[in-house]
Amino acid sequence: MAKRDLPEINAGSMADIAFLLLIFFLVTTTIQTDSGLSVLLPPYVEEPPPPVEKNKRNVFSVQINGNNELLVRGKQCPDVLSIKEKAITFITNRGKDPNSSESPKKAIISILNDNGTSYEMYVTVYNQLKAAYNQLWEESSKEQFGRSYKDLTKKERQAIRKEIPLVISEAEPSDLLKG
Amino acid sequence: MSKFKKKGSKGAPGITTASLPDIVFMLLFFFMVVTKMRDSEMKVKIQVPAATELQKLEKKSLVSHVYIGSPIPKYAAVLGTAPRIQLNDQFATPSQIPFFIANEIEKLSNPKLRKAMTCAMRVDKEVKMGIVTEVKTELRKVNFRKVSYLASDAGELE
């Protein structure tokens with residue numbers, strides 16, 4: 001008496017399953033890309049130029065000491081996250097307040113940090129200032145072109161950046177608090 | 001006697017291996033996608049700060065990495081826990097930065113791309129600015145001014 005043949009497993013669909021899994025993983029996994037705050041450092045000069053007497057009203061100075069405490073335009077500022085709002089009011093003053101900037105074109109941001117300042121604090125402050133400018137550019141872009149800053153062409157972006165230039169100067173750090 | 005005889009053995013048929021290549025390829029592709037090529041072993045512990053205004057670094061070949069952080073426990077016994085700079089595979093001092101940058105520029109296939117090169121600073125958030133400023137000054141001395149402070153996306157954490 002012949003034994004019954006076991007039916008062969010149909011492997012034709014195996015490839016489909018494999019591809020399905022492959023595509024699933026392709027879609028769900030993201031390749032990790034580095035992202036960060038882009039900064040253009042000032043060129044190096046042997047002797048720091050003598051401080052040009054700039055009109056004080058046009059300078060938005062942020063000082064961070066070794067204990068990570070902030071001094072914004074000479075006033076203590078316990079909340080880092082308020083810098084963005086302060087910077088925006090300062091830049092868009094357009095001559096109204098005699099103590100604030102004359103125009104966005106003339107506004108200068110100056111950061112002075114101590115050697116003891118923590119990197120985290122420094123990045124947070126920098127991030128806040130960049131956020132302020134990004135918001136202003138976005139608003140100006142919506143107003144002028146009716147589109148988001150992201151969707152503008154290179155030329156249009158330059159036009160906006162000319163109107164509201166990002167000028168962040170960094171003084172050589174002090175070394176007030178050792179350690 | 002019948003003309004059509006059942007031929008062959010009556011045992012269980014072998015499982016087809018036709019789909020094995022597919023499975024193997026799938027695994028291969030999966031690992032190709034997921035693994036991140038890390039050309040240097042991390043000798044310092046780094047936890048980057050969080051930020052919101054991030055920009056992605058596009059061309060990997062144009063990015064040079066500088067790591068700053070406390071040495072990992074394996075090296076801490078010898079070097080202590082003071083923050084150190086790591087370039088490629090080695091601990092370094094700020095004075096070695098110009099040499100490192102010159103090396104990175106030499107690696108470029110097209111010298112015209114020099115201007116597009118970026119230095120990615122992967123710095124631990126606990127590090128003090130002193131050492132970071134030293135590195136920045138060295139970079140400025142060799143006129144390598146495009147820098148990116150690597151940070152994690154603060155929006156993702158919330």
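# Contacts and pairings in chains A and B

Reader: Which residues of H2(A) meet H3(A), and what makes this a contact?

Author: A:Ile83, A:Lys84, A:Ala87, A:Ile88 and A:Ile91 in H2(A) meet A:Val125, A:Gln128, A:Leu129, A:Ala131, A:Ala132, A:Gln135 and A:Leu136 in H3(A). Two residues are in contact if their C-beta atoms, placed from the backbone, lie within 7 Å. By class, this contact of H2(A) with H3(A) has nine nonpolar, two polar and one charged residues. Ala, Val, Leu, Ile, Met, Phe, Trp, Tyr, Cys and Pro count as nonpolar, Asp, Glu, Lys and Arg as charged, and the others, Gly among them, as polar.

Reader: How do you know where these residues and elements are?

Author: This is a predicted model, where local features need pLDDT of at least 70 and side-chain atom pairs count only at pLDDT 80 or more, while totals for chains, interfaces and linings use all residues. Residues are numbered from 1 along each chain as its sequence is written, and chains are lettered from A and ligands numbered from 1 in the order in which they are written. Helices (H or I, at least four residues) and strands (E, at least two) are DSSP runs, numbered from the N terminus.

Reader: Why is H2(A) called oblique to H3(A)?

Author: The axes of H2(A), residues 83–91, and H3(A), residues 119–145, come within 8 Å and cross at roughly 45°. That angle makes H2(A) oblique to H3(A), because angles under 35 degrees count as roughly parallel, over 145 as roughly antiparallel, 65 to 115 as roughly perpendicular and the rest as oblique. Axes are lines fitted to C-alpha atoms, for helices over the stretch in contact, and angles run from 0 to 180 degrees between N-to-C directions.

Reader: What makes E2(A) and E5(A) a pair?

Author: Strands pair if DSSP finds at least two bridges between them. Six bridges join E2(A), residues 59–64, to E5(A), residues 108–113, so these parallel strands pair. A:Phe60 stands opposite A:Ile109 there. E2(A) also pairs with E3(A), residues 70–72, in the antiparallel sense over three bridges, with A:Val62 opposite A:Val72.

Reader: How do you know that E1(A) pairs with E3(B)?

Author: Two bridges join E1(A) to E3(B), residues 55–56, which run antiparallel, so the requirement for a pair is met. A:Gly36 stands opposite B:Gln55.

Reader: How many residues does each chain give to the contact between chains A and B?

Author: Chain A gives 45 residues and chain B gives 46. On the side of chain A, H3(A) gives the most, with nine residues.
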